[in-house]
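Biologist: Please take a close look at one part of this model, the cavities and whatever is held in them. I would like one connected account that I can follow with the structure open.

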Amino acid sequence: MDVAVEVDRNGSCELAQVGEKWKRGEAEALYGLPFAELMFRAQSVHRDNFDPNHVETASLLSIKTGGCPEDCGYCAQSAHYETGVKASRLMDRADVVAAAQRAKEAGATRFCMAAAWRTPKDRDLDRVCEMVSAVKDLGMETCVTLGMLTPKQAAQLSEAGLNFYNHNIDTSPEFYGRIITTRTLQDRIDTLEHAREAGIKICCGGIIGMGERVEDRLDMLVLLANLRKPPESVPINLWNEVKGVPVNDSAERPDPIALVRLVATARIMMPKSVVRLSAGRHDMTDELQALCFLAGANSIFIGDVLLTTKNPKADRDAKLLTRLGITSGLA
Ligand code: SAM
Ligand code: DTB
Ligand code: SF4
């Protein structure tokens with residue numbers, strides 16, 4: 001699938017794609033509704049498609065940290081920036097399986113293994129496939145995020161039993177070039193297609209709080225919703241501050257209500273997708289997270305760390321979900 005960005009005379013950006021379903025104007029109209037109206041619509045869609053009192057719990061493990069050749073301007077693991085993150089080698093399978101077992105005991109139903117690669121080497125992919133099969137044997141859903149994939153690599157992961165591939169578009173087509181120069185948005189769409197073709201479910205979303213405009217956030221949702229099939233999982237990450245990366249120069253904390261509006265808009269535009277309130281929860285109040293769940297977010301990462309940055313402690317998450325009467329792997 002090709003993604004073409006056309007910016008018309010009014011400055012609006014249209015994504016020309018096969019089977020285009022959503023236009024930016026429609027996303028803007030939803031996003032700009034009076035808050036109560038937007039929330040009512042989002043909750044109605046949520047109830048029609050999910051149990052509104054349930055949140056999915058996933059756990060992350062960085063199986064290969066740092067030293068990444070890509071220049072993603074938000075990331076602690078890029079070799080282009082001095083962030084203080086030490087590069088490490090691919091973990092041993094036994095250590096990964098032990099971490100997955102601990103995550104399962106802590107209440108995670110999905111285990112996501114992340115590697116700071118541009119694209120996996122064949123030898124490394126063989127090892128990751130063994131990890132996927134072993135984690136699956138624990139009875140957990142499996143997800144990996146390894147950078148760009150060829151169709152053959154995607155097929156190999158599928159053969160190993162992989163459930164989800166995480167590969168984010170990160171931001172709008174217009175803002176993308178300000179954040180990453182070492183691979184294109186089209187490269188990312190191609191990888192998503194390879195994973196889909198191989199029968200793997202897609203986990204794809206992005207980040208807010210990198211200096212982008214609200215229009216960029218909406219264009220990101222438009223692109224996701226217009227994919228041949230919207231991603232089964234949509235992670236919405238609030239940029240977690242990392243010292244030493246270029247995003248620091250333009251990052252401004254988004255208005256919390258803007259985050260809730262974006263989650264609600266995502267819920268309406270992608271009714272059947274699980275929307276994950278992903279990075280950034282550590283610095284969110286309980287009240288903001290509760291509003292995001294009301295707006296239709298129905299997945300979180302649990303565990304004290306994400307990849308290199310902080311996540312809320314398990315007891316804080318368990319207490320919050322209990323206070324809200326939300327069922328999850330935690331309670
Ligand atoms: N290297 C692989 C890739 O980029 O395809 C996988 C790992 S990468 C860390 C996965 C995603 O985490 C990124 O696409 C980005 O959306 C998100 N991410 C990375 N650093 C972040 C940060 N500081 N705050 C919020 N989200 C972040
Ligand atoms: C996603 O969208 N968020 C996760 C997961 N996919 C791999 C990663 C968040 C990383 C936050 C920054 C860090 O801890 O380094
Ligand atoms: Fe590398 Fe992924 Fe970080 Fe980009 S986001 S620098 S590809 S680890």
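**The cavities and ligand 1**

Modeller: Sorted by class, the residues lining the largest cavity are 24 nonpolar, 12 polar and seven charged. Keep in mind that this is a predicted model, and that the values here are computed from it.

A search over the whole structure turns up three cavities of 30 Å³ or more. The largest cavity holds about 860 Å³ of space. Its lining is made up of 43 residues, and those closest to the centre of the cavity are Tyr74, Cys75, Gln77, Asn168 and Leu307.

Several strands take part in this lining. Strand 3 (56-64), strand 4 (110-115), strand 5 (141-145) and strand 9 (233-238) each contribute at least two residues to the lining of the largest cavity. Strand 4 provides the largest share, with four residues.

The largest cavity is also where ligand 1 sits. Around ligand 1 there are 17 residues, of which Thr145, Asn168, Asp170, Arg183 and Asn240 come nearest. Asn168 thus appears twice: it is listed among the residues closest to the centre of the largest cavity and among those nearest to ligand 1. By class, the shell around ligand 1 consists of nine nonpolar, six polar and two charged residues.

Three side chains can be picked out by their distances to ligand 1. In Asp170, a side-chain N or O atom is 2.7 Å from an oxygen atom of ligand 1. The side chain of His167 has an N or O atom 3.5 Å from an oxygen atom of the ligand. For Trp239, the ligand atom is a nitrogen, and it is 3.3 Å from an N or O atom of the side chain. Ligand 1 taken alone exposes 560 Å², and the protein buries 90% of that area.

The second largest cavity contains about 70 Å³ of space. It is lined by Ile189, Leu192, Glu193, Arg196, Ile202, Leu227, Arg228 and Lys229. Helix 7 (residues 185-197) gives the most to this lining, with four residues. Sorted by class, the lining of the second largest cavity has four nonpolar and four charged residues, and no polar ones.

To go through this on screen, start at ligand 1 in the largest cavity and find the side chains of Asp170, His167 and Trp239. Strand 4, with its four lining residues, can be picked out next. Helix 7 then leads to the second largest cavity.

Technical notes: Residues numbered from 1 in each chain as written. Chains lettered and ligands numbered in written order. Predicted model: local features only at pLDDT ≥ 70, side-chain atom pairs only at ≥ 80, totals over all residues. Heavy atoms only, no water. Near = heavy atom within 4 Å. Polar contact = N/O pair within 3.5 Å; in protein donor to acceptor, adjacent residues only side chain to side chain. Areas by Shrake-Rupley, 256 points an atom, 1.4 Å probe, with all protein chains shown as cover. 1 Å grid on protein atoms, 1.4 Å probe; cavity = no way out; pocket = protein on both sides within 12 Å on 5 of 7 lines; lining within 4 Å. Sits in = over half its atoms within 2 Å of the grid points. Nonpolar A, V, L, I, M, F, W, Y, C, P; charged D, E, K, R; others polar. Points joined across faces, edges and corners; volume = space filled by probe spheres on them.
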